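Grab a pencil and work through these exercises with the viewer open. Each task comes with a step-by-step solution, so try it yourself before reading on.

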Amino acid sequence: MKGFGFFTSSNRLFFLILSCTDNYRLCILFYRYRDLAPQLVPLDYTHKPDVTLPYELIGSMPELKDNPFRQRIAEVFSEDGDGNMTLDNFLDMFSVLSEMAPRDLKAYYAFKIYDFNNDDYICKSDLEKTVNKLTRNELTPEEVSLVCEKVIYEADADNDGKLSLEDFQHMIIRAPDFLSTFHIRI
Amino acid sequence: MSYHYNKAFENPDYHLSETLEINRRRSPQENLFSYQAPYGASLPGSYGEHDGREQNYPLAIPVASMRQGSEYRGGLPRVNVLSRSPYGSFTDNLSFEPEPELAYNPPSTFHSPYTHSTSNRSEDDFIWRRDRRPHDEIFMTSSSVFETNPVWKEEETLVGNLASMSTNERIKAIQKMPETMKKKREIRNKVLKEITKKSRHRSTHLSCCTQCLQGIAVSFRRFGNSLSEYFHLLQLRYNTLKVIGAEFGTSVLSYFIFLKWLLTFNIFSLLINFSFITIPQFLAAEPNNLSFTGLELLTGAGYFQQTVLYYGFYTNATISKIKNGPSYNMQLAYIFTVGLYFVICFLILLFSIAKSFWRNFINPQAYSVNASKLLCTWDFNITNEKAVKLKQKNLSMQIKEDLTEVNWEVLSVSAKERVVCISINFASWVASLGTALAACAGVYFLSTNNLKLFVKGHRNDLESQAAMLVLPVVTSLLNAFIPFFYSWLGRLERFKTPGQHIYVTITRNIILKISILGILCYYWLGIVAASESQCWETLVGQDIYRLIVVDFIFCLLGSFFGEFLRRIIGTTVYVSLGLPEFDIGRNVLDLIYAQTLTWVGILFSPLLPVIQIIAFSIVFYVKKVSLMMNCQPPRKVWRTAQMTTSFIFLLFFPSFVGVLAVIGVTVWRLKPSEECGPFRGLSSMYAAVSEWIEILENYTASKWVVWIYHNLITSELFFFILSTLVLIVTYIYWQIIEGRKTMTKLLYKQISNEGKDKMFLLEQLRSLQRAKQTPSAPGGQGQAGQSSSYHPSRQPAQQVPDYPGRAFDRNQNASYNNEYPDAAGILRGTGFPPGLERAQRSSGPGMSEAVAIALRAREAAELEDQYDDTYPQP
């Protein structure tokens, strides 16, 4: 086990306070981040070096590599929306995906992940993209659109033809598995 | 420019390096935004720049309105277009002020926008606003809250709220925010600033005590953190769980988590029993002169009879190492430890059930199958490439099945088919109950036969030891093979949903297991206890020991034959069978059965948890290896969370409650054996407590214990009153729940009405727009859009005979729209009445607010119609 002194302990406490993770996980995350590009990321984070890792590196992590939503996840959590991540973004991502994050936080980010066009609604085109990612394009376009219509019909409480964050949260509350499945073990 | 103002705004707290850095980093952004910022208009002496901005301005609108989550921005600039227009008049601004804060030019100094006031006040206002503006920008882009002035007001109140919380609450609240780390840091800094400000106001010096306490709290937290580091190092299984989750998903993982939970549960029981019963017994131990042959490990008899493993070995003496020193009463220790253990178990189970129910059964009726199947189904745990592909394939199969099922459901099932279905169901229930009954009868006769063998004599030869093993082997065989029969029965029947199938199979299995256990308990308490054997408790303990060991062996054999051989057959002989799936239900029921045995046995053999710990740890690794080698991920969607809840419930209801009944009968009704165990010579185990109370009555210092015993524990009246109270409270809660259910229904209805309202309004406005393809059309939009920015003075302003002004500004807006049709289109495209959308987005409790805004918007639309009637547009 490597030492835990990667940044001053007050800084570490700071990260702990801000994110839903614990000390151990935090250190593991830091080393995971650093292992992605050891030559770029310094060990000492006391002076907050401005380091951003490109999406190619983030997406190649074993935890994300085979996830059909990996690009979306990286985009949602990155600052610039392109999937390039600073340490902050990285910690953010895995603390939301940890088991300690509250349901609402998870629901919020899941919503953003499924909202491909960033319009704050999950509309039909977003759903179609989701279906295609979930099924690896094995369904015919008609089937996909039928499924999407059904989903919208079911989950859209306010009849506006698209799912808002509230609709999504309502749905999440009724799908208890979500908490355990929207979770990446690091 | 803005940087300069930031400097001017310097504040002692800005010396915090963090804040300073953030501000510096942001300054280029601010410059960028400053061209969009409508407030720039009030900048003193910036004519040229202002003109430039005037030109840029229309560009800024589309940019702004295209930005994510910024429907509201559209509203703001428009207001400013109006107020800055050369035609702008006093009334315009008044009626369109979205928020009091926007009136950065006080009405007294109102002027044509081109003659800017250079008063200090407006400059101050500007700086003040400027300092916050960028925060809003960041806030906006990172979240989907809307970019209007209320936002920073919101943030202000948020900061205020956070500042008034206690430290722990604050940390929780900040963690819950859906923001980036950077933003959270910023908010936290603000909050800390606020707090220091407050505390400076309150008292200039912090009391020494508070500081001290804070210091202690911080160091305690640090200590806790470093402790957790080492604790994690010990927790090696996490990696195993991760690997399993990566390949098999959450459903299979839930089995292993359950197993781990049971393991920790048993470690806890071991700790309690070992420290309060076994360690004192070691002090008073007698030498063991029986020989150890090795077969005892399997039978639990022989050598083990004279060890701390069984009840019979414990002494009834009062242990004291020093003469006249403090003594330890084994009788009381035994009964209180076991009692306390069961109370703790009860509480743990109760709380975990309650928590599980609370998390997983919030609203099971309204389970939206399709939607959640699509959006909540992806298991982010799975990271193995093959598993991902398989999962995707299964999902697409499932979706296809669902699509065809829609048609299938429509076909009505004929009466004949229904009768056949019901009769098959009935027959399989009869068959399964019959098998359970037959199994029970078999076990019963076998066990009574077995007893004769014990009573006949204690021969320590191989024959009798082998005979001892017959009962557990038969029981385990029944437990292992009848479930296969049940699953075969289940395949014959046709269930409406796969969930029903699972539940029915589980119910049958649990009936079988519990009835076998029940008959065994009857045999132990009714027959073994009444027999004239030397030490019946030890006999029962040995029986349970054997059952556990043999069950464990069968579990290992099961994973060998059930999974390993099945894989060999599935891959070589009958390839069509394919790889086996891990049967979560059956495996979990096995665990529940084993745990029930341990609970029953704890009174007769206090160290039984040790055996169970060893067994469970081995099972954990064997199952893991077998799973990795032989199995494939489950094809069906397994509703993990609900199944886990029902498993914990099963562990509680038939099993733990049944065990409590057995223990109760043993402690209160049965006569302990005369020659062994801590309770020898007493009429019942409980008599130890009543005797102790009698002794206590002689001491005045412990009168209260006696009083409690007589008035609370042994008095029926007390329990009567207690249960009445509990019933009343339960009834009240039930009523509250009913009320809430009604409330939820109403709120759901309200939401859907809300949606209809919105659709109606949108429809109305669209038809309005279509009706008048005249320049005035988008003006209506602008107006209704502003109806969201509610201002108390607005209503009267609309009613004052001020129509020319209104018409005018509508014209103004219209011309602007003509000039930039794109912008107008975008405005139209982005969600129209913003107030409504915002209401939609604001969380559930804000429903009434949403309704109010909707009503207001409708009102505005109606007013719009009236105006149109009164002042027909050219």
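**Exercise 1. What percentage of the 874 residues of chain B count as buried?**

Before solving, some ground rules: this is a predicted model, where local features need pLDDT of at least 70 and side-chain atom pairs pLDDT 80 or more, while totals for chains, interfaces and linings use all residues. Residues are numbered from 1 along each chain as written, chains are lettered from A and ligands numbered from 1 in the order written, and side-chain values use heavy atoms, leaving out hydrogens and water.

Step 1. Buried means under 20% relative accessible area, exposed over 50%, and partly exposed in between (1.4 Å probe, protein chains only).
Step 2. By that cut-off, 48% of the residues of chain B are buried.
Step 3. For chain A, with 186 residues, the figure is 63%.

**Exercise 2. Describe the make-up of each chain from its helices, strands and contacts.**

Step 1. Helices (H or I, at least four residues) and strands (E, at least two) are DSSP runs, numbered from the N terminus.
Step 2. Chain A has 11 helices and 0 strands, whereas chain B has 31 helices and 2 strands.
Step 3. Now take contacts (heavy atoms within 4.5 Å) with a separation of 6 or more. Residues 24 or more positions apart supply 55% of these in chain A and 77% in chain B.

**Exercise 3. Find the annotated EF-hand spans and say how helical they are.**

Step 1. An unreviewed UniProt entry puts "domain: EF-hand" at residues 102–137 and 143–178 of chain A. Positions follow the numbering used here, feature names are shortened, and annotations may be inferred rather than shown by experiment.
Step 2. Residues 102–137 of chain A are 67% helix and 0% strand, with end C-alpha atoms 32 Å apart.
Step 3. Residues 143–178 of chain A are also 67% helix and 0% strand, but here the end C-alpha atoms lie 24 Å apart.

**Exercise 4. Check the length of helix α7 of chain A, then its surroundings.**

Step 1. The expected span is 1.5 Å times one less than the number of residues. For the 12 residues of α7(A), 103–114, that gives 16 Å, and the end C-alpha atoms are indeed 16 Å apart.
Step 2. Of those 12 residues, 11 are buried, so α7(A) is largely enclosed by the rest of the structure. Among them are A:L105, A:Y108, A:F111 and A:Y114.
Step 3. One neighbour is helix α5 (residues 70–77) of chain A: it packs against α7(A) at about 120 degrees, axes 9 Å apart. Axes are lines fitted to C-alpha atoms, for helices over the stretch in contact, and angles run from 0 to 180 degrees between N-to-C directions.
Step 4. A:R72, A:I73, A:V76 and A:F77 of α5(A) meet A:Y109, A:K112 and A:I113 of α7(A).

**Exercise 5. Which phi values of A:N118 and A:R136 stand out as positive?**

Step 1. Most residues other than glycine have a negative phi.
Step 2. A:N118 has a phi near 55 degrees; this residue sits in the loop between α7 and α8 (124–135) of chain A and is partly exposed at 37% relative accessible area.
Step 3. A:R136 also has a positive phi, about 55 degrees. A:R136 lies in the loop between α8 and α9 (141–155) of chain A and is partly exposed too, at 38%.
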